[in-house]
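The exercises below are to be worked with the sequence and the 3D view at hand. Each task is followed by a solution in steps.

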Amino acid sequence: MLPRPLLAVVAKMAAFMRGMFWHLLIAERSNILKKSNDCIVDSKRYVRALKRRPVKVLYPDGETTSTTSKQRSGQIVNKQSQTVASKVSQSTVNANLKNETTNKRVGSMSWSAGNGNASSSPEHTTNLKDQLGGLKFERALPGDKRLAKVVSVACSRTFREHQGKILLEGRRLICDALAAGANPQMVFFSSVDRLCELPLDKLKRATLVKVKFEDIKIWSDLVAPQGVIAIFSRPDPSRLTFPQDQRGQSVPLSLICDNVRDPGNLGTILRCAVAAGCHNVLLTKGCVDAWEPKVLRAAMGAHFRLPIFPSLDWDDIQNQLPKFVTVHVADNCSGSEREVAEEANQSNKSSKAGDYGWVSSRPNCKDMRYKEYESDSDSELPLPRVETKLYHEGWAQGNTGLVIGGETHGLSLEAVQLAERTAGQRLFIPVVPGVDSLNSAMAASILLFEGRRQLLNLMETSGRKDKSKVQFP
């Protein structure tokens, strides 16, 4: 047995060795790999991160303290506090991963194009936090495909007709629709300022969704998008509210578009009809859809300033016209074709529709939009007898209808037959020799404003309207 002094020396040496071993273990702890949750983690990276940005650790007893992996003062963090901090940090990481997973599930929600309503899951309702003037709007999360689906289906004529929806883009067009009483269903906007430009009191029943401007730019049909797109229910022209100041200046003149297939021409014709103060506009089944995006842009809000009745049969057109009305047709043939037509009218030979360049020999059937009809010269019907008159001569003497034909196929036989039954005439706009026929929109504008001038003169002379109240638009 060792003497007592020697035992004291051995005990001191053992204590010294334990202290040295503990200091070496702490000094080399950054190079040791720890295994946590089946994942090898290098603690050295976390130590450097904690040096740059200290974190606050919430202990189970409610105390909060700021810890770093290595104190500048050289103090050593004890092992127990490190264990607690690592557990709390790991629980925080797990909570963040859970939140990210929840956000992804919310962002991947789909919108049903059939009913136009968003999914009513609990995750989606948590986004309704932002309020503006009593209105709530959602923020589209990454992966939200509602805008793409809405735009793609709303640009289809079949969808617009079957589902009863239309797509309007731009502040002015949306404001005109809201002022006329159209029913909004969903509005996409890029910023709150864009939404504030709209009448908010009329958007209480609509779903408001805030999206990125880049998304609107991708799906917009405009070169320079304004940052707002809206889906409306297809309006009924008989239920819309039109501006009283414009309707008070209207004249008894109805415009009938017969087989106008170019969207730009139809939009320009509708704009001219509003400017000339027409009572209404009637579109046959052969015309392009009035709610086509190109037609809407060219019309500049004409859809919400006068009644426009699309996709009508000729029987429906007669029902929309007044009882005592005279229907005239626009003669869009050139000077040489007009001479041939005059010779045919003066001769006793039977004339056919194919002999004229201003009228089509094809029947205007209900599915004219989807079929092209071929006709032989032997099967052509005789052309009705309709007299020709220059456009500036008196032809608007009461309730008047004006038929404008398309540039490709011209007027249909039904239009000429209607003019014959109502004692109408062919209105001819003379042009210099060698010039082809005028554009349909330009011819319509000339005839509409001439008809307005004649009707206003008739009202003035007959005393049915005070002159001071009659003004040109």
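## Exercise 1: A loop residue

Alanine 423 is in the loop that runs between H15 and strand E17 (426-428). The model is predicted.

Task: state what sign the phi of alanine 423 has, and whether the residue is buried or exposed.

Solution.
- Step 1. The phi of alanine 423 is near 60°, a positive value in a residue other than glycine.
- Step 2. Most residues other than glycine have a negative phi.
- Step 3. Exposed means over 50% relative accessible area. Alanine 423 has 60%, so alanine 423 is exposed.

## Exercise 2: The helix before that loop

Task: list the buried residues of helix H15 and name elements that cover them.

Solution.
- Step 1. Helix H15 spans residues 413-421, and its buried residues are Leu413, Ala415, Val416, Leu418 and Ala419.
- Step 2. The cover over these residues includes three strands, E11 (253-258), E14 (326-331) and E16 (400-405), together with helix H13 (314-320).
- Step 3. After H15 comes alanine 423, the residue of Exercise 1 with positive phi.

## Exercise 3: Another positive phi

Task: find where methionine 300 lies and classify its accessibility.

Solution.
- Step 1. Methionine 300 belongs to the loop between helix H12 (293-299) and strand E13 (308-312).
- Step 2. Its phi is positive, near 55°, and methionine 300 is not glycine.
- Step 3. Partly exposed covers the range between the 20% and 50% limits. With a relative accessible area of 33%, methionine 300 is therefore partly exposed.

## Exercise 4: Helix H16

Task: compare the span of helix H16 with the expected span, then describe its start, its end and a salt bridge within it.

Solution.
- Step 1. Helix H16 covers residues 440-462, which is 23 residues.
- Step 2. From first C-alpha to last, H16 reaches 33 Å, close to the 33 Å expected at 1.5 Å a residue.
- Step 3. At the start of H16, asparagine 439 brings a side-chain oxygen to within 2.7 Å of the backbone nitrogen of alanine 441.
- Step 4. H16 is followed by glycine 463, with a positive phi near 75°.
- Step 5. Glutamate 450 and arginine 453 lie in H16, 3 residues apart, about one turn of the helix. Their side chains form a salt bridge at 2.5 Å, N to O.
- Step 6. Glutamate 450 is buried at 10% relative accessibility, whereas arginine 453 is partly exposed at 35%.

## Exercise 5: Salt bridges elsewhere

Task: state how many salt bridges the whole structure has, and classify the partners in two of them as buried or partly exposed.

Solution.
- Step 1. A search of the whole structure gives 12 salt bridges.
- Step 2. One of them joins arginine 146 and glutamate 138, with the closest N and O atoms 3.2 Å apart.
- Step 3. Arginine 146 has a relative accessible area of 3% and is buried; glutamate 138, at 7%, is buried as well.
- Step 4. Another salt bridge joins glutamate 197 and arginine 194, at 3.7 Å from N to O.
- Step 5. Glutamate 197 is partly exposed at 37%, and arginine 194 is partly exposed at 32%.

## Exercise 6: Arginine 160

Task: place arginine 160 in the structure and name its contacts.

Solution.
- Step 1. Arginine 160 lies in helix H6 (residues 157-163).
- Step 2. Its relative accessible area is 1%, so arginine 160 is buried.
- Step 3. Setting aside neighbours within four places in sequence, the contacts of arginine 160 include Arg234, Asp289, Trp291 and Glu292.
- Step 4. A network of salt bridges links Arg160, Arg234, Asp289 and Glu292.

## Exercise 7: A surface patch and the whole protein

Task: name the members of the nonpolar patch around valine 9, then give totals for the protein.

Solution.
- Step 1. The patch on the surface is formed by Leu6, Val9, Val10 and Met13, which together have about 340 Å² of accessible area.
- Step 2. Valine 9 sits in helix H1 (residues 4-27) and is partly exposed at 43% relative accessibility.
- Step 3. The protein has 16 helices and 17 strands. Of its 473 residues, 38% count as buried.
- Step 4. The accessible surface of the protein is about 27,400 Å², and 52% of this belongs to carbon and sulfur atoms.
- Step 5. Among contacts with a separation of 6 or more, 75% are between residues 24 or more positions apart.

Terms used:
Residues are numbered from 1 along each chain as its sequence is written. This is a predicted model: local features need pLDDT of at least 70, side-chain atom pairs count only at pLDDT 80 or more; totals for chains, interfaces and linings use all residues. Side-chain values use heavy atoms; hydrogens and water are left out. Buried means under 20% relative accessible area, exposed over 50%, partly exposed in between (1.4 Å probe, protein chains only). Helices (H or I, at least four residues) and strands (E, at least two) are DSSP runs, numbered from the N terminus. Contact means heavy atoms within 4.5 Å. Patches are made of residues with over 30% relative accessible area and no salt bridge: like charges are joined within 9 Å, nonpolar side chains (Val, Leu, Ile, Met, Phe, Trp, Tyr) within 5 Å. Accessible areas come from the Shrake-Rupley method with a 1.4 Å probe; for residues, only the protein chains shown count as cover. A salt bridge is a side-chain nitrogen of Lys or Arg within 4 Å of a carboxyl oxygen of Asp or Glu. The expected span of a helix is 1.5 Å times one less than its number of residues. A polar contact is a pair of N or O atoms within 3.5 Å; within protein, one must be able to donate a hydrogen and the other to accept it, and residues adjacent in sequence count only if both atoms are side-chain atoms.
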